[in-house]
Amino acid sequence: MTVKLFSPYTIKGVTFKNRIVMSPMCMYSSHNEDGHLQNWHRTHYVSRAVGQVGLIIVEATAVTPQGRISPQDLGIWSDEHINGFQELVGLVKEHGTKIGIQLGHAGRKAELTEEIIAPSAIAFNESAKTPKEMTKADIKETIEAFQQGAERAKKAGFDVIEIHGAHGYLLNQFLSPLSNKRSDEYGGTAQNRYRILREVIDAVKTVWDGPLFVRISAHDYHEGGLTPEDYIVVANWMKEQGVDLIDVSSGAVIPARINVYPGYQVPFSDKIKHGAEIATGAVGLITSPIQAEEILQNNRADLIFLARELLRDPYWPRTAAKELGATIEAPKQYGRGWV
Ligand SMILES: Cc1cc2nc3c(=O)[nH]c(=O)nc-3n(C[C@H](O)[C@H](O)[C@H](O)COP(=O)(O)O)c2cc1C
């Protein structure tokens with residue numbers, strides 16, 4: 001058996017040495033509310049590159065200060081952010097690992113003292129602030145901010161851009177009828193609720209011709225909310241626009257109880273991959289090498305995104321290679337201790 005987890009994967013001429021992706025994880029570690037990269041980020045991401053992860057996706061990075069989840073989020077709203085990312089990209093690439101960045105806007109889920117914005121003036125829950133309903137000008141500015149973020153990511157040398165359309169953040173708030181009650185062309189029908197994401201993708205593509213991923217929440221887990229079937233339609237639209245891979249997560253657009261178990265989101269990835277014939281990433285409680293290999297061999301996803309397991313074990317690729325009987329290259333400095 002060829003171990004698929006350790007087979008390379010190429011998108012638009014960019015080759016990941018294996019199918020293991022470090023899922024974006026907010027570190028809330030910027031200082032002084034400036035969105036800048038700190039030593040923590042260098043240590044954190046480079047450790048996983050030394051551990052031989054194929055692709056690292058840097059945490060949700062705010063395209064505007066108002067779009068931060070917290071004041072400590074990373075940001076890419078200014079040209080001054082480029083240098084820090086450029087350095088990180090260089091450090092990660094030294095280890096043969098590719099690196100992407102997740103561009104995000106928190107919308108009504110921003111926990112900031114300033115005014116926050118969303119498609120409709122509805123708070124996420126009782127303890128959250130009520131956002132201001134976005135005007136057309138706000139929407140236009142936000143689309144431009146994603147475009148500028150992508151341009152800066154390109155200047156920094158990233159290999160992949162992922163647009164954050166999941167977990168109840170701004171773009172997800174537009175997609176779901178539970179959080180989008182607009183009566184203009186950005187609300188109402190599925191096409192209209194998709195409009196801002198369509199425009200963000202188009203805007204990003206004017207400055208970015210590399211691999212483009214979009215993370216979605218494939219299930220709202222609530223009556224009247226979106227389901228994986230709805231997302232097959234959305235995935236088809238994204239495919240037509242030239243999105244390369246859908247990173248399939250779920251939930252968090254409204255508070256809902258979710259039955260979480262190993263691989264609980266994998267069926268959504270499977271459905272969207274085959275329903276829209278597009279590459280997907282599977283994520284969510286994937287912890288064991290055999291589980292990851294099963295998902296790939298049964299063609300339920302093209303890439304395996306790991307979050308918490310990579311926090312526990314930055315050298316998880318080595319652990320997995322041992323268990324699956326594959327060989328992976330060791331950093332040359334570690335050769336004597338790698339097997
Ligand atoms: C500390 C932490 C921070 C996270 N931050 C983000 C984020 O910035 N963007 C995102 O899309 N998901 C984020 N997530 C979700 C993970 O990427 C992943 O989808 C989720 O943890 C399920 O995968 P796991 O079971 O392998 O941890 C975060 C998760 C954790 C644990």
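Which residues of helix α7 (residues 266-276) are buried? In this predicted model, the buried positions of the helix are Val266, Phe268, Ser269, Ile272, Lys273 and Ala276. Around the axis of α7 they cover an arc of only 160°, which puts them on the same side of the helix. The elements against which these buried residues pack are the strands β10 (212-217), β11 (245-249) and β12 (279-283), together with the helices α6 (228-241) and α8 (289-297). Just after α7, Glu277 adopts a positive phi of about 50°.

A corresponding description can be given for helix α2. For the 12 residues of this helix (residues 82-93), a rise of 1.5 Å a residue leads to an expected span of 16 Å, and the C-alpha atoms at its ends are 16 Å apart, which agrees with that expectation. Buried within α2 are Ile82, Gly84, Phe85, Leu88, Val89 and Val92. Because these buried residues fall within an arc of 160° when seen down the helix axis, they line one face of α2. Their packing partners comprise the helices α1 (39-50) and α3 (136-156) as well as the strands β4 (55-62), β5 (74-75) and β6 (98-104).

The ligand is surrounded by 15 residues, of which Ser23, Pro24, Cys26, Leu285 and Arg308 are the closest. Polar atoms of the protein approach oxygen atoms of the ligand from both side chains and backbone: an N or O atom in the side chain of Ser23 is 2.7 Å from a ligand oxygen, a polar side-chain atom of His164 lies 3.2 Å from an oxygen atom of the ligand, and a backbone N or O atom of Ala60 lies 3.1 Å from a ligand oxygen. Of the 600 Å² of accessible area that the ligand has on its own, the protein covers 81%.

Two aspartate residues were examined individually. Asp159 is located in the loop between α3 and β9 (160-165), and its relative accessible area of 11% means that it is classed as buried, since the cut-off for that class is under 20%. A polar contact of 3.2 Å joins the side chain of Asp159 to the side chain of Lys93. When neighbours within four places in sequence are left aside, the residues in contact with Asp159 are Val14, Lys93, Lys98, Ile99, Trp208 and Pro211. Lys93 thus appears both as a polar partner of Asp159 and as a residue within the range of helix α2 (residues 82-93).

Asp138, by contrast with the loop position of Asp159, is placed in helix α3. With a relative accessible area of 14%, Asp138 is likewise buried. A polar atom of the Asp138 side chain lies 2.9 Å from the backbone nitrogen of Thr135, and, with neighbours within four places in sequence again left aside, Asp138 is in contact with Lys132 and Glu133.

Gln191 lies in helix α5 (residues 190-207). Its relative accessibility of 42% falls between the limits of 20% for buried and 50% for exposed residues, and Gln191 therefore counts as partly exposed. Not counting residues up to four places away in sequence, Gln191 touches Arg198 and Trp237. The C-alpha atoms of Gln191 and Trp237 are 9.3 Å apart in space, although 46 residues separate the two positions in sequence.

Note on methods:
Residues are numbered from 1 along each chain as its sequence is written. This is a predicted model: local features need pLDDT of at least 70, side-chain atom pairs count only at pLDDT 80 or more; totals for chains, interfaces and linings use all residues. Side-chain values use heavy atoms; hydrogens and water are left out. Helices (H or I, at least four residues) and strands (E, at least two) are DSSP runs, numbered from the N terminus. The expected span of a helix is 1.5 Å times one less than its number of residues. Buried means under 20% relative accessible area, exposed over 50%, partly exposed in between (1.4 Å probe, protein chains only). The arc is that of the directions from the helix axis to the C-beta atoms. Contact means heavy atoms within 4.5 Å. A residue is near a molecule or strand if one of its heavy atoms lies within 4 Å of it. A polar contact is a pair of N or O atoms within 3.5 Å; within protein, one must be able to donate a hydrogen and the other to accept it, and residues adjacent in sequence count only if both atoms are side-chain atoms. Accessible areas come from the Shrake-Rupley method with a 1.4 Å probe; for residues, only the protein chains shown count as cover.
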